[in-house]
Amino acid sequence: MPFPYPWQPGMRITADRLRAGLLTGTVSITPAESVSATGSLFTGTYLRGTATVSFPVGTFTETPRIFLTGRSSVPGVLLEVNYTDQSENGMTVVIARQTSTLTVVDWLAVAA
């Protein structure tokens, strides 16, 4: 089993080594694509938007674990925050909401 930390016994622990394999950021999305839904959890019309996130080259050697949190000041309006097309190079963030309000999504990518 490989050593789980980016340092070995006796090495000095630095901020760069502690952050190795971890990347965070935000992306802003204004949903514009109108979608009509029936027979699902939400029935009606909502808006969908996407944004591409690219990771710096060499940050990950395989697809990281990804965590997303959407920000909304109005409860119940932001319907979903999701991602697709994930790889070691990046991902596409997808949101669905009832209004066309610009939405900020916080993301965290952690080496698997």
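1. In what order do the elements of the protein chain run from the N terminus on? The order is α-β-β-β-β-β-β-β. Counted up, the protein chain has 1 helix and 7 strands. Please keep in mind as you read that this is a predicted model.

2. Let's take the overall picture next. The protein chain has 112 residues, and 26% of them count as buried. Take the contacts between residues at least 6 apart in sequence: 63% of these join residues at least 24 apart. It is worth having the 3D view open for the points below, where several such pairs come up by name.

3. Now for the core. In soluble globular proteins, nonpolar side chains tend to be buried together. Here the largest nonpolar core has 14 residues. Those that touch the most other members are Val-27, Ile-29, Val-53, Phe-55, Met-91, Val-93 and Trp-107. Two or more residues of this core come from each of β1 (22-29), β3 (44-54), β6 (90-97) and β7 (103-110).

4. Phe-55 is a good residue to click on, since you have just met its name in the core. If you set aside neighbours within four places in sequence, Phe-55 is in contact with residues that include Leu-23, Pro-64, Ser-87, Asn-89 and Gly-90. Two other core residues from the list above, Met-91 and Trp-107, are also among the contacts of Phe-55. So is Phe-60, the subject of the next point.

5. Is Phe-60 buried or exposed? Phe-60 sits in the loop between β3 and β4, and this residue is buried, with a relative accessible area of 5%. That value counts as buried because the cut-off is under 20%. Not counting residues up to four places away in sequence, Phe-60 touches Gly-21, Leu-22, Leu-23, Phe-55, Glu-88, Ala-109, Val-110 and Ala-111. One of these partners, Leu-22, is 38 residues from Phe-60 along the chain, and their C-alpha atoms are separated by 8.8 Å.

6. How many salt bridges does the structure hold? There are 2. One joins the side chains of Arg-48 and Glu-33, at 3.8 Å from N to O. This pair links distant parts of the chain: Arg-48 belongs to strand β3 and Glu-33 to strand β2 (residues 33-37), 15 residues apart. Arg-48 is partly exposed at 28% relative accessible area, and Glu-33 is partly exposed at 44%.

7. In the other salt bridge, the side chains of Asp-106 and Arg-71 meet at 2.7 Å, again N to O. Here too the pair links distant parts of the chain, with Asp-106 in strand β7 and Arg-71 in the loop between β4 (65-70) and β5, 35 residues apart. Asp-106 is partly exposed, with a relative accessible area of 25%. Arg-71 is partly exposed as well, at 45%.

8. Next, some empty space. The second largest pocket holds about 170 Å³. It is lined by 12 residues, and the closest to its centre are Phe-42, Tyr-46, Leu-79, Glu-80 and Ala-96. At least two lining residues come from each of β3, β5 (78-87) and β6. By type, the lining divides into 8 nonpolar, 2 polar and 2 charged residues.

9. Which residue has a phi near 55°? That is Asp-85, a residue other than glycine with a positive value. Most residues other than glycine have a negative phi, and most peptide bonds are trans. Asp-85 lies in strand β5 and is exposed, with a relative accessible area of 59%.

10. Thr-52 is a residue of strand β3 and counts as exposed, at 62% relative accessibility. Leaving aside neighbours within four places in sequence, Thr-52 is in contact with Met-91 and Thr-92. The C-alpha atoms of Thr-52 and Val-93 are separated by 6.3 Å, although the two residues are 41 apart along the chain.

11. Finally, where is Thr-99 found? Thr-99 is in the loop between β6 and β7, and this residue is partly exposed, with a relative accessible area of 32%. Beyond neighbours within four places in sequence, Thr-99 is in contact with Pro-31, Leu-47 and Val-77. Thr-99 and Pro-31 are 68 residues apart in sequence, and 7.8 Å apart in space from C-alpha to C-alpha.

Notes. Residues numbered from 1 in each chain as written. Predicted model: local features only at pLDDT ≥ 70, side-chain atom pairs only at ≥ 80, totals over all residues. Heavy atoms only, no water. Core = buried A, V, L, I, M, F, W, Y, C linked by side-chain atoms within 4.5 Å. Buried < 20%, exposed > 50% of the residue type's maximum accessible area, 1.4 Å probe, protein only. Helix = DSSP H or I, 4+ residues; strand = E, 2+ residues; numbered from the N terminus. Contact = heavy atoms within 4.5 Å. 1 Å grid on protein atoms, 1.4 Å probe; cavity = no way out; pocket = protein on both sides within 12 Å on 5 of 7 lines; lining within 4 Å. Points joined across faces, edges and corners; volume = space filled by probe spheres on them. Nonpolar A, V, L, I, M, F, W, Y, C, P; charged D, E, K, R; others polar. Salt bridge = Lys/Arg side-chain N within 4 Å of Asp/Glu carboxyl O.
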